[in-house]
Amino acid sequence: MIARIFVTQLKISVRTRKYIFWTLLFPLALGLLFFFAFSKVYDQEQNKPLPVVILVEGDKEAAVFPELAKEFTYNDGTAILEEKAAADRAEAEQLLKDKEITGIITVNGYEAELTLAENGTTQSILTGILSSYQSRKDIMMKLMLSDTIDPETSQEISAMVNESRAYVEAGGMAGENKDPYITYFYNIIAMISLMGSMATSSTVVHSMANQSSEGIRTDISPVRKPPFELAQFAAICVIQFAITAIALTFYIYILGIRFGGNMTLIYLTSFLANFLGLSLGFLVGHVGNASENTKENILMIITLGGGFMSGLMYGDMKVIVEEKFPLFNRINPAAVITDSFYSLNIFGSGSRYCRSVIYMAALSAVFMIIGVCLSRRKQYASL
C-alpha cells in the first residue's frame, strides 16, 4: 500500500504544471537571464585596478589590511587595488563623491570596513574582497581568543595564516570562482529548494479531512496518517532532487557556470537544501486550519522574501543585512543555503561550510518531527 501511494504521488507531482513551472521552468529561464546579463561583465572588469582610499585609524603598525592589499592580484598578475592618497576622511569622501575612487576602506587593527557611493560591478568585486578578508579574520580571531589553546589549535592557526599567505600570492580572493555574480545562481538553487515547500504543504492539506474530500477518504482508510504522508513526502523528494539535478547540470555543463568547490559536495548540498525546503512545507501544512492558498502564500513570502534578503534580486543585499542585522542571515533559510555554496567555493569544506550544513540538517529534522507529531494529533468529531 505504501509503495502504491509513493508511485501515485510521483505521477501527481510530474503532472502538476504549477509545481513543474515554479521549480524547474522558471528557474531555468531565470538562470538564462542571469547568464546573458552577467556572464561577460566580470571578465571585462577583472583586469582593471580599482582606485580606493585606505584610511588607517589607531595604531598604523597594527593595521593588517594595508599590507595585504598590496598583494591582491588578478589571475594575470594585475593588482586589484590601486591606492589613492587622501589627507583625511573628508577628502576621501569628496573623491568618492566625484567618482575618482571606487570606495573607501577604513582599517583599525584587524578590522576593515568598506564605504561605497553606489553599486555596480567594481563595487561588487570590492565587496567580495572585504567579505573574504573578514571571514578569514573572524575565524583566526576566534581561534586565537579561545579559552584553551592546545597544540592542535596552534597548528590550526598556523595553517590558517599559511593559507592566507598562499591566498594572497595566488590572487587575493580565495576560491575557485572569484566572480561575485555567481551568488545569483546560488540564490536560484535556494529558490528551487524553498519552492518545493509548496508541494509538500499541498499534499498535507489535501490529506486533511476538514479541507477536502480526498482528506475524508484518506482519514477513513486503513492506512495510518503518518506513513501515508511520509510516503507522499518521499515521492516529492525524488521529484525535487531530480529537478535540482537537472537545473544544476544545465547551469554547470550547458551554460558553463563555475559554482566552485567539489562537484559532489555541490550536488549533495543542493539535495540537503531541497530537504530543508520540503520539510518546511511539511511543517507549515500541518500548522493551523488555514486553506491551501493561504499556506502557499505564507511559503511564497518566505521563499521570495528570504530570496530578496539573501541577494536574489539585489546581489549586495546579503552583505547589507550582515552589517545591519547579522542574526537574520543565520535564521533565513535562503541565506543559509547560499552561504553554504559560497563557503564551499571560497573556503572549501571547512568550519563555515559545516556550520551551514549542520544548520540545514538540524532544522529539517526539527520540522519533520514536529510535522509528524501534529499529524498524529489530528482528530475529528465527525466526517
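1. In this predicted model, a search of the whole structure for salt bridges returns 6 of them. One pairing that can be followed at the level of side chains joins R89 and E93, whose side chains meet in a salt bridge with an N to O distance of 3.7 Å. Both residues belong to helix α5, which spans residues 89–97, and because R89 and E93 lie 4 residues apart in that helix, about one helical turn separates them.

2. Turning to helix packing, helix α2 (residues 17–38) and helix α8 (residues 182–195) pack with their axes 10 Å apart and at an angle of about 170 degrees. Angles over 145 degrees count as roughly antiparallel, and α2 and α8 are therefore roughly antiparallel to each other. On the α2 side the contact is made by W22, T23, F26, P27, L30, G31, F34, F35 and F38, while α8 contributes Y184, F185, I188, M191, I192 and M195. By class, the residues of this contact of α2 with α8 divide into 13 nonpolar and 2 polar, with no charged residues.

3. A second helix pair worth inspecting is formed by helix α12 (residues 263–286) and helix α16 (residues 333–346), whose axes come within 11 Å and cross at roughly 170 degrees. That crossing angle makes α12 roughly antiparallel to α16. The residues that meet here are L265, I266, T269, S270, A273 and L276 from α12, and P333, I337, S340, F341 and L344 from α16. The contact of α12 with α16 comprises 8 nonpolar and 3 polar residues, and no charged residue takes part in it.

4. As for internal empty space, a search of the whole structure finds 1 cavity of 30 Å³ or more, and the largest cavity holds about 40 Å³ of space. Its lining consists of T200, T203, V204, E229, Q232, F233 and F282. The elements giving two or more residues to that lining are α9 (197–206) and α11 (225–254).

5. Which classes of residue make up the lining of the largest cavity? The lining residues divide into 3 nonpolar, 3 polar and 1 charged, whereas the contact of α2 with α8 has no charged residues, and the contact of α12 with α16 likewise has none.

Methods. Residues numbered from 1 in each chain as written. Predicted model: local features only at pLDDT ≥ 70, side-chain atom pairs only at ≥ 80, totals over all residues. Heavy atoms only, no water. Axes fitted to C-alpha atoms, helices over the stretch in contact; angles between N-to-C directions. Parallel < 35°, antiparallel > 145°, perpendicular 65-115°, else oblique. Contact = heavy atoms within 4.5 Å. Nonpolar A, V, L, I, M, F, W, Y, C, P; charged D, E, K, R; others polar. 1 Å grid on protein atoms, 1.4 Å probe; cavity = no way out; pocket = protein on both sides within 12 Å on 5 of 7 lines; lining within 4 Å. Points joined across faces, edges and corners; volume = space filled by probe spheres on them. Salt bridge = Lys/Arg side-chain N within 4 Å of Asp/Glu carboxyl O.
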